[in-house]
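This report describes a protein chain together with its ligand. Please consult the sequence and the coordinates alongside the text.

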Amino acid sequence: MEKKLINGEIWKDISGNTIHAHGGHMLFWQGNYYWYGENRTGNRYVSVYKSNDLVNWEYVRDVLTTNSRTMEHRVRTDLRLKTDDGGKINIERPKVIYNEKTGKFVMWMHMENGKNYNQAACAIAVANAPDEELTYLGAFNPCGYMSRDCTLFVDGSEAYFISASRDNADLHVYRLTEDYLNVDALVNRLWQGEYREAPAVVKHDGKYFMFSSFCTGWAPNQCKYATARSMEGRWSMLTKIGDETTYRTQPAFFLNVESTGDIYYVADRWNGKDYNDSRYVILPLKFDADNNPVLEYHEEVKIIV
Ligand code: GAL
């Protein structure tokens, strides 16, 4: 089955509504891709869409809203999903992974108080199925650190949470506890003082690649990547990839197509003046003979599932 997506256009779900899944993530589960992302309309924080061909997306539900269920967690967290005056907090970059030991779908995200970016916290939420509303377990500072732009990466029996710390100057890598509901240890502090944001990790041919942007708010900038032989090992220095604005995108996540082994770079093309008009860009990620990543721009993307 071959389908096309036009990069930077408004993407609609199969009901004809604009897809709001910004700064998102995808999970493959029982033959379907679930696309989670920021939805800032109404009382929503995160919505999930479902597709088996990566082109026709069905809106499933809002998985996190101002009214979502909250639950006390063994870690002391801030459980407020509204500001004191009834407004919205700020939830960004939701990422979801499945925990085989507990059977839970676990979301990690970036949380701010809705007024400014000073809380710099991560937050977690859990569900029993990929299309279920999440229970919010609250926000906290991992190991006491600031935590903003973030991602998750499952590596065999371990999972990692990666987030920008120290006012975005350093990128921290935390190994998660077995249930994925807390950080177990801070295992790496990468590129200190280089202000990397929007991290996304992919593994190819035994090597780990971490892409990240520079820190310029909604404005796009030069993406760079680094490599490592293990998540907890030494990471290389940063190498430029794509053009100076990364084709007007900022990384959201890497998509691994299960059936073909193809990898796609999935990114946001933010509209800083009108957030809800932000778009998506999907580009095939290729590797040269030396296993170096190559990212080229295409207006249209054919995805084979
Ligand atoms: C970007 C970040 C986005 C959002 C934005 C706000 O750098 O990647 O997720 O936080 O700043 O200005």
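The sections below treat the overall fold, the surroundings of the ligand, and one loop residue.

## Overall architecture

The model is predicted. The protein chain contains 22 strands and zero helices. Its C-alpha trace extends over about 50 × 45 × 40 Å along the principal axes.

The radius of gyration of the protein chain is 18 Å, which agrees with the value near 19 Å that a compact globule of 305 residues would have. Of these 305 residues, 56% count as buried. Among contacts in the protein chain with a separation of 6 or more, 50% are made by residues 24 or more positions apart. The accessible surface of the protein chain amounts to about 13000 Å², and carbon and sulfur atoms contribute 43% of that area.

## Surroundings of the ligand

Which residues surround the ligand? The shell consists of E92, R93, Y117, D149, E197, G217, W218 and Q250. Sorted by class, the shell around the ligand comprises four charged, two polar and two nonpolar residues. The charged members are E92, R93, D149 and E197, while Y117 and W218 are the nonpolar ones. The polar class is represented by G217 and Q250.

Several of these residues place polar side-chain atoms at short listed distances from oxygen atoms of the ligand. For E197, a polar side-chain atom lies 2.4 Å from a ligand oxygen. In the case of E92, the corresponding distance from a polar side-chain atom to an oxygen atom of the ligand is 2.6 Å. An N or O atom in the side chain of Q250 is 3.0 Å from an oxygen atom of the ligand. On its own, the ligand has 310 Å² of accessible area, of which the protein covers 89%.

## Residue T77 in the β5–β6 loop

T77 is located in the loop that connects β5 (58-65) and β6 (90-99). Is this loop residue buried or exposed? T77 counts as buried because its relative accessibility is 18%, and the cut-off for burial is under 20%.

What does T77 contact beyond its neighbours within four places in sequence? With those neighbours left aside, T77 is in contact with L137, G138, A139 and F140. L137 also takes part in a polar approach: the side chain of T77 reaches the backbone oxygen of L137 at 2.7 Å.

Conventions: Residues are numbered from 1 along each chain as its sequence is written. This is a predicted model: local features need pLDDT of at least 70, side-chain atom pairs count only at pLDDT 80 or more; totals for chains, interfaces and linings use all residues. Side-chain values use heavy atoms; hydrogens and water are left out. A residue is near a molecule or strand if one of its heavy atoms lies within 4 Å of it. A polar contact is a pair of N or O atoms within 3.5 Å; within protein, one must be able to donate a hydrogen and the other to accept it, and residues adjacent in sequence count only if both atoms are side-chain atoms. Accessible areas come from the Shrake-Rupley method with a 1.4 Å probe; for residues, only the protein chains shown count as cover. Helices (H or I, at least four residues) and strands (E, at least two) are DSSP runs, numbered from the N terminus. Buried means under 20% relative accessible area, exposed over 50%, partly exposed in between (1.4 Å probe, protein chains only). Contact means heavy atoms within 4.5 Å. The radius of gyration is taken over C-alpha atoms; the globule rule is 2.2 Å times the number of residues to the power 0.38.
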